[in-house]
Amino acid sequence: GSVSSVTPTQGQTGSRVTISGTQLFGYGSSLASVQLAGVVATVVTATATQVVVTAGASLATSSLSVVLT
């Protein structure tokens, strides 16, 4: 899949973060986990084009790393 945007890129622990893109599940039918800046986030909702998570730690960077598995 391909991530096109992550908003917001800054926030406190527990902030909701929206990840948008295409084929976010890759070749599977769901996500096993999401990490923001190396910290596991809690998935609130997930579709192949948009994932909403609750951040597991404070986010304070404009170059946020996102890992979807």
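## Strands S5 and S6

Let's start with strand S5, which covers residues 39-46 and is joined to S6 by 4 bridges, the two strands running antiparallel. Keep in mind that this is a predicted model. Two of the pairings are easy to look up: Ala46 has Val51 in S6 as its bridge partner, and Thr45 is matched with Val52 in S6. Between S5 and S6 sit 3 residues, and the two strands form a hairpin.

## S4 and S5

On to S4, which pairs with S5 over 3 bridges, again in the antiparallel sense. Here you can pick out Gln35, whose bridge partner in S5 is Val40.

S4 and S5 make a hairpin too, with 2 residues between the strands. Have a look at Ala37 in this hairpin: its phi is positive, near 55°.

## The whole sheet

Now zoom out. The strands belong to an open sheet of 6 strands, and if you walk across it you meet them in the order S1-S3-S6-S5-S4-S8, with antiparallel pairing. Which strands sit at the edges? They are strand S1 (2-7) and strand S8 (66-68), and each of them pairs on one side only. Going from one strand to the next, the twist averages 30°.

As a bit of background, strands of a sheet pair through backbone hydrogen bonds, and they can do so in a parallel or an antiparallel way.

## The nonpolar core

The largest nonpolar core is made of 14 residues. Val17, Ile19, Val34, Leu36, Val51, Val53 and Leu59 are the ones with the most contacts inside it. Three elements give two or more residues to this core: strand S3 (16-22), strand S4 (34-36) and strand S6 (50-54).

Val34 is a nice residue to click on. Setting aside neighbours within four places in sequence, Val34 is in contact with Ile19, Val51 and Val53, among others. The list also includes Val39, Val40, Ala41 and Val43, along with Val67 and Leu68.

## A serine in S3

Ser20 lies in strand S3. Is Ser20 buried or exposed? With a relative accessible area of 18%, Ser20 falls under the 20% cut-off, so it counts as buried.

What does Ser20 touch, not counting residues up to four places away in sequence? There's a run of Ser2, Val3, Ser4 and Ser5, plus Thr49 and Gln50. Ser2, Val3, Ser4 and Ser5 come from the stretch of edge strand S1 (2-7), while Gln50 falls in strand S6 (50-54).

Conventions: Residues numbered from 1 in each chain as written. Predicted model: local features only at pLDDT ≥ 70, side-chain atom pairs only at ≥ 80, totals over all residues. Heavy atoms only, no water. Core = buried A, V, L, I, M, F, W, Y, C linked by side-chain atoms within 4.5 Å. Buried < 20%, exposed > 50% of the residue type's maximum accessible area, 1.4 Å probe, protein only. Contact = heavy atoms within 4.5 Å. Pairing = 2+ DSSP bridges. Axes fitted to C-alpha atoms, helices over the stretch in contact; angles between N-to-C directions.
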